[in-house]
Every structure is written in C-alpha cells, then in structure tokens.
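Here is a short report on how parts of one protein meet. Look at the structure first, then read on.

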Amino acid sequence: MTITQLKYALAIAEHKNFTKAAEKCFVTQPTLSTQIQKLEDELDVIIFDRGKKPIELTDVGRKIVYQARNIVNEADRIQDIVDQQKGFIGGEFRLGIIPTIMPTLLPMFLKSFIKKYPKVKLKIEELTTEEILTRISDGHLDAAIAATPLESDNIKERVLYYEPFVAYIPDNHRLVEKKTIETSDLDIDDMLLLEDGHCFRDGVINLCKTFKDQIDETFQLESGSIETLIKLSNEGMGMTLLPYLHTLDMRETLSTHLRHFSEPSPAREVSIIYHKSELKMQIIDAMHNIISGIIRGAIAFQNVEIISPKAK
C-alpha cells in the first residue's frame, strides 16, 4: 500500500463520493477508483460499501480509515522535520477561529503575520468550537483559535491571552447606577444571550451558575451576533455581557453603558489549539508569538478568574 492510496481513502471517507473525492485529490475518478481497488485487493477486504448512497465505510473500513489518518499525519511530520531543520516557515496553513473572536482578533494580527511570514498561505474559516474540534481531529484544520480549556484528549492548547467579560447595561436597568458590578449582581432572567452553539454563551451561563438550573424555564431572548445583542439591549430588552476586545472601538455614546467587574474579573481563556501530533509547529509557534506580542498592548488585566467555555 502507499501513502497516496491512504490519502484517497481518507478523501472518500470524508466526501462519501468517489467523484468528489477525486476532485479534492486533483486526480481523475478512474485513477482514484483504481488505486482504492488495488488497496482493497492487497488487504483482501472491502473498505467501502459502494451499494449505499452515499457511500459508507464497512466495519473494517472504519478501522482502516482511523489508522490511515494516523499514518498520513505521521508521514506529514517528515516534511515538518525538514522544514524546521531549514528554518522554513511557509506553505498552506488552515486556521479556524470561533465567531466571537474572529472580528476583533483577526484585524489585530493578520497584517503583521502576513508581512513577517509571506510564504505562509493562510486559509481562515469562522467555525464553532464543535466544528473546530471535529476538523482538527479529522486533519482538516492545522490549528484554531478558541476559548479554552476544552479538555480534549486529541488537542493541545497554548494560551494566547485572558479576555475579561464586560457588562453592557442599558438605561433604566437596575444596575445602571453601579460603577463596577459583581458576579452576584447577574440574573439570567434579564440577560441577553448568543444563540446556542456559541461557547461565549456557555461561558455567560456558567458565570450565572446560581441561576443556571432555571435557564430552560425562563424567557430568553437570543441572537446570533454580539452587535445585535447590543442593539436589543439599547431597546431595553435586557443587559448583556461582551468580550473585552469588542469594547475597544465602541462609539462613545455606547461605551457609557459599559461596566467592568470587580477583581478578580471573570474572563475567558483564549488559546491556539492544534492536534497532539504537533504538525506545522513552526507556523503555530510563529502565530503564537505574533498574537501574544500584539495582545499585550490591548489587554492589561491580570487578576482574572477563568470561566469555562463548555456547557455544564
């Protein structure tokens, strides 16, 4: 068997279609089919059930694909070793970023990174944490930037920064007169939340843990974006919590509604995460250094309490 055959098998397992897999691998469909047939003949097993639509893995096929993914990853490490030895930082790098981090962090570091490492071809996607974990495990992402800790056996995490939660209090709200607020001031009943699937939402719920048991029994107004939450809050629909970086460029008319927490400030931990196989570490190290250097000038908070981003 060959590494190429294993890569073809992984592509079919992903796309569940020979034609789409061939397009992904930049070969003709007959070429891909022939190589898979050779692999099955050599192993004397059927990897794919071609009678199903879409194509499915057989029981032994699932085990083979799992091992093939490990073998392909280890083979890719050889090129990594060569690149590191030569000091080369370049090539394609697939990065995922969660929605509540993408709009604030990406503009801060992207231009500097591209300028310093012009040979790196970045492919950036906005993805939920669950999508990120799946794609890293499947080998479809090289790294991601997400709220941690995630406690995943296959994932390694390197902290980039700690980002405090900031309260956005509308006029006529019960907390409007307070200069700083306590976590005990929070009531999930008048809290605007992001839609389910956002880890920032789960962090807010965990912060309001005193009221968490009631969350399915109370009225909740949810939105898909932080900007919409701010607009709804301004309409008197409730208060909301924002990640600190979202408040830096806020218009003065809006920033008057911001309230910081007393220390230790509740915060989320933001990390660059990657597969435990540690592929493309030279690029991950470079990105970690660039972001860490830039963020030091934006976030001066040290005394923080990390709030879990995982639903409990």
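Between domain 2 and domain 3, 4 residue pairs are in polar contact, both residues at pLDDT 80 or more. A polar contact is a pair of N or O atoms within 3.5 Å; within protein, one must be able to donate a hydrogen and the other to accept it, and residues adjacent in sequence count only if both atoms are side-chain atoms. Helix H5 (102–116) supplies 3 residues, the largest share of the side of domain 2 that touches domain 3.

This is a predicted model: local features need pLDDT of at least 70, side-chain atom pairs count only at pLDDT 80 or more, and totals for chains, interfaces and linings use all residues. Residues are numbered from 1 along each chain as its sequence is written, and side-chain values use heavy atoms, without hydrogens and water.

Across the interface of domain 2 and domain 3 there are 0 salt bridges (a side-chain nitrogen of Lys or Arg within 4 Å of a carboxyl oxygen of Asp or Glu). The structure as a whole holds 12. Three are listed here.

| Salt bridge | N to O distance |
|---|---|
| Glu-92 and Lys-123 | 3.1 Å |
| Asp-142 and Lys-280 | 3.3 Å |
| Glu-163 and Arg-268 | 2.9 Å |

Glu-163 lies in strand S6 and Arg-268 in strand S12, so this pair ties together parts 105 residues apart in sequence. Glu-163 is buried (under 20% relative accessible area, 1.4 Å probe, protein chains only; exposed is over 50%, partly exposed in between) at 1%. Arg-268 is buried at 3%. Glu-92, at 32%, is partly exposed.

Methods:
Helix = DSSP H or I, 4+ residues; strand = E, 2+ residues; numbered from the N terminus.
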